[in-house]
Amino acid sequence: MDYTFNIGGYSQESCDTVIKLYNGYQCIHDIIQDKGGLKQPCLLPLSSVVVLMKAVFSDMIPSHQMSLTKLRESVPFVKYIISITLIKIQQIGDQASPWEWGSRSHSSLNRKNFESACSIGKVLFNQLDGTSIQKESGKKEKGKPVHVMCLEGFSQLCHVIVTCYHNQIIQFLSIVGEGQSKGSDDDMETDSEENRNEQIYFFIRHFQRLIVSILNGSLKTYSLKDIPHMITIISILTEQLDTDCTQITEVYEWILSQCEEQAIGDNAVVKVLVSLLLTLNYRIKGTLKIVKKISQDIHYHIG
């Protein structure tokens, strides 16, 4: 598939062949899995995964649209590419681990992996509002929807970035949010604390809006069980805010309002909300009143 797509240059013939090769691969994989439970191997290189992700989700070149439609209409193929992307995200984190540091090729590999992570992050982030040019079929598909897989992938990627590329978090966010943030590109890349906090807060607000839309029922593409992934992303990004900045207080007040005003019937959602609330309360040196209130509520409901 890698060779066919890259050599074919987005032609109709190459895309048709890629789908045929994928269908053959999936057939063989299913047979082997039924026999011995083989895990799905990751045979595509990272560079090809980035190219395919851009082709399936982002490519708007008019001459490519007819041929790429073949790939986009195959939901199993799209999910396969995303699942391989998730594996590659994990590999990016593994290759940036301390035991790789200091090796001769580490610096070059690290730079290339970060660039790939930024490209993948931009593609994944742009799918979260349901504005993808790739449309899922009307029939019920097995497994998770494409946009939910993208959400999980972006959450995983944020963790890798703040863990392995902490000093480049703003560069990552500026690339991922290119063309969406109200600030200028120069503001995004400025290292001042104020601009850094505002850039991070831009992404936090994005996921806050998604969560509120899910809770009030206006966003039907997601469900309550998807909120923990969004809260995880907010938590990861909030950790990068300065403790004394106004943005972290605003996040705290937003979490508090959701806990007080929303009647959430999902234990997993309640757990991550309360956990983040307590964490932020500690960071901003809040009072013990909120801890006492939460304890009283828990005692009331559990007994």
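Q: How do you know how helix 5 (residues 75-95) and helix 7 (residues 146-164) lie relative to each other, and what is the arrangement called?
A: In this predicted model, the axes of helix 5 and helix 7 come within 10 Å and cross at roughly 10 degrees. Angles under 35 degrees count as roughly parallel, and therefore helix 5 and helix 7 are called roughly parallel to each other.

Q: Which residues of helix 5 and helix 7 meet, and how do they divide by class?
A: On the side of helix 5 the residues include Val75, Val78, Ile82, Leu86 and Ile89, and on the side of helix 7 they include Val146, Met149, Cys150, Leu157 and Val160. Taken as a whole, the contact of helix 5 with helix 7 divides into 12 nonpolar, 5 polar and 1 charged residues.

Q: What makes the arrangement of helix 11 (residues 227-238) and helix 13 (residues 267-283) parallel, antiparallel, perpendicular or oblique?
A: Helix 11 and helix 13 pack at an angle of about 15 degrees, with their axes 9 Å apart. Since an angle under 35 degrees counts as roughly parallel, helix 11 and helix 13 are therefore described as roughly parallel to each other. The crossing in which helix 11 passes helix 13 is left-handed. The contact is made by residues including Ile227, Pro228, Ile231 and Ile234 of helix 11, together with Val269, Val272, Leu273 and Leu276 of helix 13. By class, this contact of helix 11 with helix 13 has 10 nonpolar, 2 polar and 1 charged residues.

Q: Why is methionine 230 called buried or exposed, and where is it placed?
A: Methionine 230 has its place in helix 11. Its relative accessible area is 0%, and because buried means under 20%, methionine 230 is called buried. Leaving aside residues up to four places away in sequence, methionine 230 touches Leu151, Phe207, Leu210, Ile211, Ile214 and Tyr222. Between methionine 230 and histidine 206, which are 24 residues apart in sequence, the C-alpha to C-alpha distance is 9.7 Å.

Q: Why is tyrosine 10 called buried, exposed or partly exposed, and what is its phi?
A: The relative accessibility of tyrosine 10 is 23%. Partly exposed is the class between under 20% for buried and over 50% for exposed, so tyrosine 10 counts as partly exposed. Tyrosine 10 lies in the loop between helix 1 (2-8) and helix 2 (12-36). Although tyrosine 10 is not a glycine, its phi is positive, at about 65 degrees.

Q: What makes cysteine 15 and cysteine 158 buried or exposed?
A: Cysteine 15 has a relative accessibility of 0%, while cysteine 158 has a relative accessible area of 3%. The cut-off for buried is under 20%, and therefore cysteine 15 counts as buried, as does cysteine 158.

Q: How many disulfides does a search of the whole structure find?
A: The search finds 0 disulfides. A disulfide is a covalent bond between the sulfur atoms of two cysteines. To be counted here, a pair of cysteine sulfur atoms must lie within 2.5 Å.

Q: What makes helix 8 (residues 169-176) mostly covered?
A: In helix 8, 6 of its 8 residues are buried. These buried residues are Ile169, Ile170, Phe172, Leu173, Ser174 and Val176.

Q: How many helices and strands are there in the chain, and what percentage of its residues count as buried?
A: The chain has 14 helices and 0 strands. Of its 303 residues, 45% count as buried. Among contacts between residues at least 6 apart in sequence, 70% join residues at least 24 apart.

Terms used. Residues are numbered from 1 along each chain as its sequence is written. This is a predicted model: local features need pLDDT of at least 70, side-chain atom pairs count only at pLDDT 80 or more; totals for chains, interfaces and linings use all residues. Side-chain values use heavy atoms; hydrogens and water are left out. Buried means under 20% relative accessible area, exposed over 50%, partly exposed in between (1.4 Å probe, protein chains only). Axes are lines fitted to C-alpha atoms, for helices over the stretch in contact, and angles run from 0 to 180 degrees between N-to-C directions. Helices (H or I, at least four residues) and strands (E, at least two) are DSSP runs, numbered from the N terminus. Angles under 35 degrees count as roughly parallel, over 145 as roughly antiparallel, 65 to 115 as roughly perpendicular and the rest as oblique. A crossing is left-handed if the near helix is turned anticlockwise from the far one by less than a right angle, and right-handed if clockwise. Contact means heavy atoms within 4.5 Å. Ala, Val, Leu, Ile, Met, Phe, Trp, Tyr, Cys and Pro count as nonpolar, Asp, Glu, Lys and Arg as charged, and the others, Gly among them, as polar.
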